[in-house]
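Reader: I'd like to learn how to read a model like this one at my desk. Could you walk me through it, feature by feature?

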Amino acid sequence: IFSASVEQLFSGMRWAEGPVWIGDGRYLLVSDIPNNRILRWDEATGLTSVFRQPSNFSNGLVRDRQGRLLACEHLTRPVTRTEYDGSITVLADNFEGKRLNSPNDIVCKSDGSVWFTDPSFGIGGNYEGDKASPEVPHGVYRIAPQGGKLERALDDLAGPNGLCFSPDESTLYVVESRAQPNRLGWAYDVTPEGRLQNRRKH
């Protein structure tokens, strides 16, 4: 927008992650990880309130194709879905019998698949989860749209963090936040079967 400017909506968080806009409700949800809560900013009133506390140190938030809230949680280490009645469903919390590290960021594809990153940031100490040893490599995962099977798409990135699809969903972008000497952005072609190939710097 030509006349757009940056505006501070609210403050008071230790740090903010995973903003998701709930357009039909005209409100914004944001994870305040160290304070173990999700905050809600209301567009109509301009007021900020607590949406969920405790939030299990939630990080990335997104809505699925049916409008339900998906959350990456550091404390209990799953990806969860909030159902229409407010109940919580665990979509993924382990891979091949081993616990996930601390799901971080999340995105949904139009085919109904759910993609998320799983570094070990949330288990590195007690500031944003419980300190623990990783059981699986840092990874990028895909929850299949039919049957909900969890598949590991990548396991060769140091600290996979933010991720997103290109507008046509043919490319997945992933930030490697612990790459040395500097963090890197990678682009991957996405096959119709949900595989990643042709890795390149972005």
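Reader: Let's begin with sheets. In what order do the four strands S5, S6, S7 and S8 form an open sheet, and is the pairing parallel or antiparallel?

Author: One thing up front: this is a predicted model. The general idea is that strands of a sheet pair through backbone hydrogen bonds, either parallel or antiparallel. Here the order is S5-S6-S7-S8, and the pairing is antiparallel. S5 and S8 (88-92) are the edge strands, each pairing on one side only. On average, neighbouring strands of this sheet are turned by 30 degrees against each other, direction ignored.

Reader: How many bridges join S7 to S8?

Author: Four bridges, with S7 covering residues 79-82 and the two strands running antiparallel. To find your place on screen, look for threonine 82, which stands opposite isoleucine 88 in S8.

Reader: Which strands form the open sheet that begins its order with S11?

Author: That sheet has four strands in the order S11-S12-S13-S14, again with antiparallel pairing. S11 (106-108) and S14 (150-154) stand at the edges with a single partner strand each, so one side of each is left without a neighbour in the sheet. From one strand to the next, the twist averages 25 degrees. Inside the sheet, S12 (residues 114-118) and S13 (residues 139-143) pair over five bridges. Tryptophan 115 has arginine 142 in S13 as its bridge partner.

Reader: What about hairpins? How many residues lie between the strands in the hairpin of S2 and S3?

Author: Four, and asparagine 36 in that hairpin takes a positive phi near 55 degrees. S2 (residues 27-32) and S3 pair antiparallel over six bridges, and aspartate 32 stands opposite arginine 37. S3 then forms another hairpin with S4, with five residues between them, and glycine 46 in that turn has a positive phi of about 75 degrees. Four bridges join S3 to S4 (residues 48-52), and one to look for pairs arginine 40 with serine 49.

Reader: Is S3 mostly covered or mostly open?

Author: Mostly covered: five of the six residues in S3 (residues 37-42) are buried.

Reader: You mentioned positive phi. Which residue other than glycine has a phi near 60 degrees?

Author: The background first: most residues other than glycine have a negative phi, and most peptide bonds are trans. Asparagine 56, with its phi near 60 degrees, goes the other way. Asparagine 56 sits in the loop between S4 and S5 and is partly exposed, at 24% relative accessibility. Glutamate 169 also has a positive phi, of about 65 degrees. Glutamate 169 lies in the loop between S15 (160-165) and S16, but counts as buried at 17%.

Reader: And where are there cis peptide bonds?

Author: One joins glutamine 53 and proline 54, with omega about 5 degrees. Proline 54 is in the loop between S4 and S5. Another runs from glutamine 180 to proline 181, with omega near 5 degrees, and proline 181 is in the loop between S16 (171-176) and S17 (184-190).

Reader: My gels make me ask: how many disulfides does the structure hold?

Author: A disulfide is a covalent bond between the sulfur atoms of two cysteines. This structure holds zero. Take cysteine 72: its closest cysteine sulfur is in cysteine 108, 9.8 Å away, too far for a bond. Cysteine 164 is in no disulfide either, with the sulfur of cysteine 108 nearest at 13 Å. Cysteine 72 is buried, with a relative accessible area of 0%, whereas cysteine 164 is partly exposed at 38%.

Reader: Now the interior. Which residues in the largest nonpolar core touch the most other members?

Author: Leu100, Ile106, Phe116, Tyr141 and Leu150, out of 15 residues in that core. S6, S11, S12 and S13 each give two or more residues to this core. Apart from it lies another core of 13 residues, among them Val140, Leu163, Val174 and Trp186. Beyond its sequence neighbours within four places, isoleucine 106 is in contact with residues including Leu70, Cys72, Val79 and Phe116.

Reader: Last one: is aspartate 64 buried or exposed?

Author: Buried, at 12% relative accessibility. Aspartate 64 lies in the loop between S5 (58-63) and S6 (69-73). The side chain of aspartate 64 reaches the backbone nitrogen of arginine 68 at 2.8 Å. Leaving aside neighbours within four places in sequence, aspartate 64 is in contact with Leu70, Arg81 and Cys108.

Key:
Residues numbered from 1 in each chain as written. Predicted model: local features only at pLDDT ≥ 70, side-chain atom pairs only at ≥ 80, totals over all residues. Heavy atoms only, no water. Disulfide = S-S within 2.5 Å. Buried < 20%, exposed > 50% of the residue type's maximum accessible area, 1.4 Å probe, protein only. Pairing = 2+ DSSP bridges. Axes fitted to C-alpha atoms, helices over the stretch in contact; angles between N-to-C directions. Polar contact = N/O pair within 3.5 Å; in protein donor to acceptor, adjacent residues only side chain to side chain. Contact = heavy atoms within 4.5 Å. Core = buried A, V, L, I, M, F, W, Y, C linked by side-chain atoms within 4.5 Å.
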